[in-house]
Amino acid sequence: MRIERRHTLGLAEARTRVEKMATALQQQFDLDSRWDGDRLRVSGNGVDGELAVSDDTVNLDIRLGLALRFMEGSIRAAIEQEMDKQLS
């Protein structure tokens, strides 16, 4: 699943907001995360991927395990809602 959002926050503020977003999503989806440069790596039961932060975009690229693929629509909606909230 890939989702991209443009922003005008600058790199430092975007990283701060991505961290907040990850905290909210960790609670919903039981994820672990760690920073690797400007990429926040996320993993959990049936989820593996990253959020890449730049000066003007945040790109989410995650792979869902077979069981979670059936819920991709609701997972995507939750992630998009949180991205829009944090990056606006």
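**Fold and internal cavity of a predicted model**

Read along the sequence, the protein follows the pattern β-α-β-β-β-β-α-α, which amounts to 3 helices and 5 strands. The structure is a predicted model, and the values below are computed from it. Its interior holds 1 cavity of 30 Å³ or more, and the lining of that cavity has 12 nonpolar residues, with no polar and no charged ones.

**Overall dimensions and packing**
- The radius of gyration of the protein is 12 Å, which agrees with the value near 12 Å that a compact globule of 88 residues would have.
- Along its principal axes, the C-alpha trace spans about 35 × 25 × 20 Å.
- Of the contacts between residues at least 6 apart in sequence, 48% join residues that lie at least 24 apart.

**Burial and surface**
- Buried residues account for 35% of the 88 residues in the protein.
- The protein exposes about 5,200 Å², of which carbon and sulfur atoms supply 46%.

**The largest cavity**
- The volume of the largest cavity is about 110 Å³.
- Helix H1 (11–29), strand S4 (47–53), strand S5 (57–64) and helix H3 (72–87) each contribute at least two residues to its lining, so that both helices and strands border the cavity, given that these elements are DSSP runs.
- The residues that line the largest cavity are Ala22, Leu25, Phe29, Leu31, Val42, Val47, Leu51, Leu60, Ile62, Leu64, Ile75 and Ile79.

Methods:
Residues are numbered from 1 along each chain as its sequence is written. This is a predicted model: local features need pLDDT of at least 70, side-chain atom pairs count only at pLDDT 80 or more; totals for chains, interfaces and linings use all residues. Side-chain values use heavy atoms; hydrogens and water are left out. On a 1 Å grid over the protein atoms alone, a cavity is a set of points where a 1.4 Å probe fits but cannot get out, and a pocket is an open set with protein on both sides within 12 Å along at least five of seven lines; lining residues have an atom within 4 Å of a point. Grid points are joined across faces, edges and corners, and a volume is the space filled by probe spheres set on the points. Helices (H or I, at least four residues) and strands (E, at least two) are DSSP runs, numbered from the N terminus. Ala, Val, Leu, Ile, Met, Phe, Trp, Tyr, Cys and Pro count as nonpolar, Asp, Glu, Lys and Arg as charged, and the others, Gly among them, as polar. The radius of gyration is taken over C-alpha atoms; the globule rule is 2.2 Å times the number of residues to the power 0.38. Buried means under 20% relative accessible area, exposed over 50%, partly exposed in between (1.4 Å probe, protein chains only). Contact means heavy atoms within 4.5 Å. Accessible areas come from the Shrake-Rupley method with a 1.4 Å probe; for residues, only the protein chains shown count as cover.
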